[in-house]
Amino acid sequence: MKKSLGILLMLAMMFVFAACGSNATDDSQNNGDSTSELLTERYDFEEGGFSIQPPKDWEAKDIGTKYIAFMGPTENDFTQTINFVTEEYSGPLETYVEASITTLKKALTDMKIVKQSEFTTLSGQTGTKLVITDKQINKKLQQTFYIFELGSDNKIIITCTRLAADGADTDELYEESASTFKVDK
């Protein structure tokens with residue numbers, strides 16, 4: 001349990017540092033795909049057993065983690081990001097989320113929970129959406145975590161990070177992309 005919580009915390013901070021400084025397939029027809037002009041074709045993470053439609057014109061980039069991240073526009077010396085981490089954890093999703101919140105509060109002293117709610121993708125996958133603000137590397141950030149079951153013994157965390165001062169347009173883009181998340185195996 002401590003290992004899993006440590007990974008979520010590491011995630012929250014690691015992708016902030018990455019922010020400073022494929023196989024696409026077309027399988028439309030109401031199977032979890034969005035027809036939004038803001039998103040691009042589905043990106044398959046074959047080794048992870050999941051896929052998602054990232055924002056249009058965002059760059060898929062290897063940042064030294066198991067999965068690539070999607071890097072968005074850079075403003076005020078900060079690049080918006082969407083990244084993915086899977087973790088072995090066989091307990092209930094709710095327990096994982098609550099324990100993760102406890103760990104984040106201890107590690108990020110300026111952390112505030114903005115919102116916690118259930119989230120359902122276009123393909124019907126239910127998970128948890130957790131929105132926090134915190135201060136890292138002298139920047140006030142907003143991070144949105146979409147947390148889902150990935151099989152019976154794994155969780156996936158989709159972390160979307162932006163400057164807290166950026167607007168609702170970015171949040172809508174993150175939400176639209178996360179809504180296309182789909183377990184493929």
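**Entry 1: β5 and β6.** I began with strand β5 (residues 69-75), which pairs with β6 in the antiparallel sense over four bridges. The model I am reading is predicted. I checked the register and found Glu 75 opposite Phe 78 of β6. The two strands make a hairpin with two residues between them. In that turn I noted Asn 76, whose phi is positive, at about 55°.

**Entry 2: β6 and its other partner.** Next I followed β6 across to β10; they run antiparallel and share eight bridges. Here I saw Thr 81 facing Thr 161 in β10. Is β6 covered or open? I found it mostly covered, with nine of its 11 residues buried.

**Entry 3: cores.** I then looked up the largest nonpolar core and got 22 residues. Phe 45, Phe 70, Phe 84 and Ile 158 have the most contacts inside it. I listed the elements that each supply at least two residues of this core, among them β6 (78-88), β10 (154-163) and α3 (168-178). A second core, separate from that one, has 13 residues, including Tyr 96 and Leu 130.

**Entry 4: Phe 45.** Which residues does Phe 45 touch, leaving aside those up to four places away in sequence? My list reads Phe 50, Ser 51, Ile 52, Tyr 67, Ile 68, Phe 70 and Phe 84.

**Entry 5: whole chain.** Finally I stepped back and counted three helices and 11 strands. Along the sequence I read the order α-β-β-β-β-β-β-α-β-β-β-β-α-β. Of the 185 residues, 52% are buried. I noted an exposed area of about 9000 Å², with 46% of it from carbon and sulfur atoms.

Conventions:
Residues numbered from 1 in each chain as written. Predicted model: local features only at pLDDT ≥ 70, side-chain atom pairs only at ≥ 80, totals over all residues. Heavy atoms only, no water. Buried < 20%, exposed > 50% of the residue type's maximum accessible area, 1.4 Å probe, protein only. Areas by Shrake-Rupley, 256 points an atom, 1.4 Å probe, with all protein chains shown as cover. Core = buried A, V, L, I, M, F, W, Y, C linked by side-chain atoms within 4.5 Å. Contact = heavy atoms within 4.5 Å. Pairing = 2+ DSSP bridges.
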